[in-house]
Amino acid sequence: MEVDHRIRVSDGDGNGETTAGQGGVVGVFFAGCWLRLRSVLAGLWCWVDGFARKVGRIAREDPRRVAHSLKVGLALTLVSVLYYVTPLFKGFGVSTLWAVLTVVVVMEYTVGGTLSKGLNRAFATLVAGFIAVGAHQVANRCGAQGEPILLAIFVFLLASAATFSRFIPEIKARYDYGVTIFILTFSLVAVSSYRVEELIQLAHQRFSTIVIGVLTCLCTTIFVFPVWAGEDLHKLTAANLDKLAQFLQGLESECFGEKAASENLEGKAFLQVYKSVLNSKASEDSLCNFAKWEPGHGKFGFRHPWSQYQKLGALCRQCASSMEALASYVITLQKSQYPEANPELTLKVRMACGEMSSHSAKALKELSTAIRTMVVPSPASITMSAAIKAAKDLRNELSEDAALLQVMHVAVTATLISDLVTTIVKIAETADNLARLGHFKNPEKTQKDVAINIPNR
């Protein structure tokens with residue numbers, strides 16, 4: 001016999017009842033909500049903890065980033081005084097906000113970057129202001145009906161010419177930001193001159209506040225924990241040489257040395273160091289451009305040959321591209337495990353390759369140290385004489401057997417082309433994914449539609 005343990009509670013009128021079973025359902029519902037809330041809070045805490053760790057790691061990698069953030073806050077606080085102090089605000093008016101805007105857009109991480117943007121902005125504002133005021137004076141003589149037409153013509157011609165000048169490589173590299181500010185300032189002043197009465201006073205106020213913002217940025221960037229683009233470029237060049245030397249040292253010890261490793265080379269760190277050298281072009285070009293704006297500092301004179309760093313970087317990337325092909329070939333050769341047909345010749349080739357790698361790595365290390373310490377390096381012919389001699393001896397050894405030399409050239413060429421085929425297959429797969437995700441047209445379907453639409457004759 002079953003006993004009903006539910007407690008029935010009447011509402012007084014006998015119309016409704018609530019059972020203990022319903023209370024249990026409510027309890028389960030709230031328990032589920034609490035579990036979900038705990039899960040959400042735990043996920044949120046994990047995200048906050050991960051973000052805080054990431055911020056801490058970025059700050060530890062380069063503490064200058066923290067200093068730069070504080071410098072931006074300091075510069076904005078200083079220019080805000082123009083707005084907060086009543087006598088200064090009355091002198092400049094609402095144009096004081098241009099000083100704040102200037103700090104926001106001009107302040108860069110390096111001294112060269114700030115100088116580049118600041119001088120471009122100040123000079124472009126000055127030139128555009130003068131031309132705009134002159135255009136207003138000329139247009140004003142054409143009467144009320146001709147003034148807007150002539151102003152529109154001036155804006156069209158100068159904006160078009162300035163925009164086209166941005167495609168000139170020399171202007172694009174160093175003065176692109178200045179040209180943009182020129183277009184902006186000229187257009188604002190020229191257009192507003194049709195409605196504003198005191199145009200010269202307005203232009204003077206805006207130019208003065210922009211100069212104040214630029215000077216604030218320059219003083220903060222140069223005198224408070226400065227970050228020099230030239231110094232960073234110098235260190236980057238020396239570091240790239242070290243990475244190339246590290247690749248050759250690993251190649252000599254892991255592939256051609258007496259204790260050459262027999263395990264898989266694909267995951268070795270030394271076979272990956274050249275990749276950062278290949279990807280350094282954008283950083284080098286940017287740092288070189290900013291370094292040319294910087295005044296003399298430390299060991300770097302005013303007319304330091306910064307363009308030589310670009311040439312050196314291009315040669316390093318050329319060397320790194322050869323290392324990329326060499327790494328791919330070494331990995332493929334190690335995986336193949338072909339039997340040695342001529343052990344004596346194989347030993348000679350290994351010894352010659354090891355010697356060339358060792359001496360080349362030593363030469364790169366010496367060059368890196370010489371650049372880092374800014375001392376004249378020893379002549380390359382002295383350091384590389386042993387490597388050059390080993391390469392010449394190997395070439396003479398192989399030239400004695402023309403058939404073998406030909407087979408070696410064909411084998412190396414075939415190996416590199418096979419690697420290219422593998423890479424092209426990956427390119428094709430990626431292109432297919434792009435076509436699928438981008439909803440490209442199907443050529444077969446398009447041809448069928450065209451055939452259907454062609455009338456029968």
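**Exercise 1.** At roughly what angle do the axes of helix α10 and helix α12 cross, and within what distance do they come?

*Solution.* The model is a predicted one. Two packed helices are described by the angle between their axes and the distance between the axes. Helix α10 covers residues 229-256 and helix α12 covers residues 281-291. Their axes cross at roughly 145 degrees and come within 8 Å. The crossing of α10 and α12 is left-handed.

**Exercise 2.** Identify the residues through which α10 and α12 meet, and classify them.

*Solution.* On the α10 side, the contact involves Ala229, Gly230, Asp232, Leu233, Leu236 and Asn240. The partners in α12 are Ser283, Glu284, Leu287, Cys288, Phe290 and Ala291. By class, the residues of this contact comprise seven nonpolar, three polar and two charged.

**Exercise 3.** Describe the annotated transmembrane regions and the conformation of two of them.

*Solution.* An unreviewed UniProt entry places the feature "transmembrane region" at residues 69-86, 92-111, 118-137, 149-168, 175-195 and 207-228. Residues 92-111 are 65% helix and 0% strand in the model, with end C-alpha atoms 28 Å apart. For residues 175-195 the helix content is 81% and the strand content 0%, and the end C-alpha atoms lie 31 Å apart.

**Exercise 4.** Characterise the protein as a whole by its secondary structure, burial, contacts and exposed area.

*Solution.* The secondary structure consists of 18 helices and two strands. Of the 457 residues, 30% count as buried. Among contacts between residues at least 6 apart in sequence, 73% join residues at least 24 apart. The exposed area is about 29600 Å², of which carbon and sulfur atoms supply 65%.

Definitions and conventions:
Residues numbered from 1 in each chain as written. Predicted model: local features only at pLDDT ≥ 70, side-chain atom pairs only at ≥ 80, totals over all residues. Heavy atoms only, no water. Helix = DSSP H or I, 4+ residues; strand = E, 2+ residues; numbered from the N terminus. Buried < 20%, exposed > 50% of the residue type's maximum accessible area, 1.4 Å probe, protein only. Contact = heavy atoms within 4.5 Å. Areas by Shrake-Rupley, 256 points an atom, 1.4 Å probe, with all protein chains shown as cover. UniProt positions renumbered as here; feature names shortened; annotations may be inferred. Axes fitted to C-alpha atoms, helices over the stretch in contact; angles between N-to-C directions. Left-handed = near helix turned anticlockwise from the far one by under 90°. Nonpolar A, V, L, I, M, F, W, Y, C, P; charged D, E, K, R; others polar.
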